[in-house]
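Colleague: Please take one part only, the packing around a single core residue, and follow it outwards. Which side chains and elements are involved?

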Amino acid sequence: MTEPADLVVVNAEVHTLADPDETYDAFAVRDGRIVRLGTTYDVEFLAGADTETIDADGRVAIPGLIDAHTHLLNAGRSLVHADLSAAESPSDAIDLLRERAAEIEGDEWVLGFGYDESTWDESRYLTREDLHEVSESAPVVAFREDMHVAAVNGAVLDRLGDEMPDDDVRTEAGEPTGVIVEEAVDPVYEAIEPDAEEAEELIRAAQATANERGVTMVHDMVRRSRAPQVYRDLDLADELTLRVRINYWADHLDSLIDAGLRTNHGSDMVRTGAVKSYTDGTFGGRTARLHEPYADDADETGTWVLDPDGIRELVARADDHGFQVTLHAIGDAAIDAVLDAYEDTDAPGDSRHRIEHVELASDEAIDRMADLGVVASMQPNFHKWGFEGGLYDARLGERRTDANRLPSYLEAGAPLAFGSDCMPLDPLLGVHYAVNAPSDGQSVGVTEALRAYTAGAAYAGFDEDRLGTIEPGKRADFVLLEESPWDRPDRIDEIGVALTAVDGDVAYDAR
């Protein structure tokens, strides 16, 4: 006699997102795993007296979305502190910071996250003088969306200026403007690092938002943070509704080695991932490292955060100790340097070494990634800056359509995974931009975009045997969508998430 299922989902349009993508009406779950796919009639035979039934009422079921590049603590900060992504001008941003200042006491830090000056008519970074309108005595910080650029007021410069590299502090007539980039931002991060209680509050808030957006797993990029302990505490308390792969910053490498950790160590919910570092900056800050100068600054080719010799040293050491490596590289020069380092390792494909963002890769670099088996971990939501007249047009000129050429990776056979970088944490927005990119050479189809956010991201985290598709034997991580992205490809960003489940347990239900 067949054992009853714990859960059956019926009257759905189930997309496995396997290759090929097959569709079914229903599926059954037992002990947290998919055990059968079929028609509603077939699957209902597995229902017993204690079986939970979810009637999808025609909704679309897809595998749980895996965000392969997040900063969950920062996502939580945007929910708790001033959310500057809503600002449409410098004055809007200042008003939001003033509102936040009114909510806190005394001279506590006033923090805002996520402004994007490229969308403003007055397209400029916030400055020290702007933030003095919020407070001259309390420290005030406004982080740009990419987190590589921030604006600080005089109180922050007085407190932390001596710790900031001169080259990363922007000046005008010899005086700091309040704009800081790259390593100058690091002392600010350290100063605002939340304690254990606040870190848990921020992660719980971000976890709830992630589930609301169909996310069942994140690859979190963690640096000098209490986040790993929070994840493990929530896991032990059975209060984690996201699977988490922790990609530790390179400055944790010695501690990871001493602790005997390796990539893929951990539980079913929390695992050690890759060793992560920056190599360059961003287009927004003109710090992504390019072979040729920026279109709007003929003297600027970007910044090495970690130079080629440092890249080789880090990759060799981490690889020798059994770690996957994932390196932020946006500009073409940085991408080439990372590939040179990966090529020196014994088996980069077996280790599934990754490049995060990998935006301005040449055809040769993309072919090298395919040959080496290096994972392209990309953020399709960055296409929002790639349209004519946008940020990438200003920074790159004619090269804007050479950035984020998603089809080229698939055509070359390079492993492709999608993440959001929390700009914002919203995979369906990313899928929308992947399908509706600025040019045909940058767009992929709906199935390919969803696969990069499911099966592709699972592969990037060594999880393809348990996650990423709806198939018998896989974990029952799934999402119900209110509408089909295949039926409305031009408006995927407007599709609502009706339900999110992890291991067959409902984490979010808006039906």
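Modeller: Contact here means heavy atoms within 4.5 Å. On that basis V358 touches A329, I335, M369, A376, S377, M378 and Y409, leaving out residues up to four places away in sequence. The model is predicted, so local features need pLDDT of at least 70 and side-chain atom pairs count only at pLDDT 80 or more, while totals for chains, interfaces and linings use all residues. Residues are numbered from 1 along each chain as its sequence is written, and side-chain values use heavy atoms, with hydrogens and water left out.

Start with the core itself. A nonpolar core is a set of buried Ala, Val, Leu, Ile, Met, Phe, Trp, Tyr and Cys residues joined through side-chain atoms within 4.5 Å. Buried is under 20% relative accessible area, exposed over 50%, partly exposed in between (1.4 Å probe, protein chains only). The largest such core has 79 residues. V358 is one of the six members that touch the most others; the rest of that group are Y231, I355, M369, Y409 and F418. Helix α11 (residues 332-343) is the top contributor, giving seven residues. Helices (H or I, at least four residues) and strands (E, at least two) are DSSP runs, numbered from the N terminus. A separate core of 20 residues lies apart from this one and includes L84, V110, Y125 and V140.

Now the partners of V358. M369, which V358 touches, sits in helix α13 (residues 363-372) and is buried there. A365, I366, R368, A370 and L372 of α13 are buried too. The cover over these buried residues includes α11, α12 (348-351), β19 (354-357), β20 (375-378) and α15 (406-412). V358 touches A376, S377 and M378 within β20, and Y409 within α15. After α13 comes G373, whose phi is positive, near 75°.

Next, α11 and its neighbour. V358 touches I335 of this helix. The axes (lines fitted to C-alpha atoms, for helices over the stretch in contact) of α11 and α10 (residues 308-320) come within 9 Å. They cross at roughly 35°, with angles running from 0 to 180 degrees between N-to-C directions. From α10 the contact takes P308, I311, R312 and V315; from α11 it takes A337, V338, A341 and Y342. Seven of these residues are nonpolar, none is polar and one is charged. For that split, Ala, Val, Leu, Ile, Met, Phe, Trp, Tyr, Cys and Pro count as nonpolar, Asp, Glu, Lys and Arg as charged, and the others, Gly among them, as polar.

Last, the backbone near two other hub residues in sequence. Most residues other than glycine have a negative phi, and most peptide bonds are trans. F418 is a hub of the core and belongs to β21 (416-418). The loop between β21 and α16 (427-435) holds P424, and the peptide bond joining M423 to P424 is cis, with omega about -10°. D421 lies in that loop as well. Its phi is positive, near 55°, though D421 is not a glycine. D421 is buried, at 9% relative accessible area.

Y231 is another hub, within α8 (227-236). D238 follows in the loop between α8 and β16 (243-249). D238 also has a positive phi, about 60°, without being a glycine. Unlike buried D421, D238 is exposed, with a relative accessible area of 70%.
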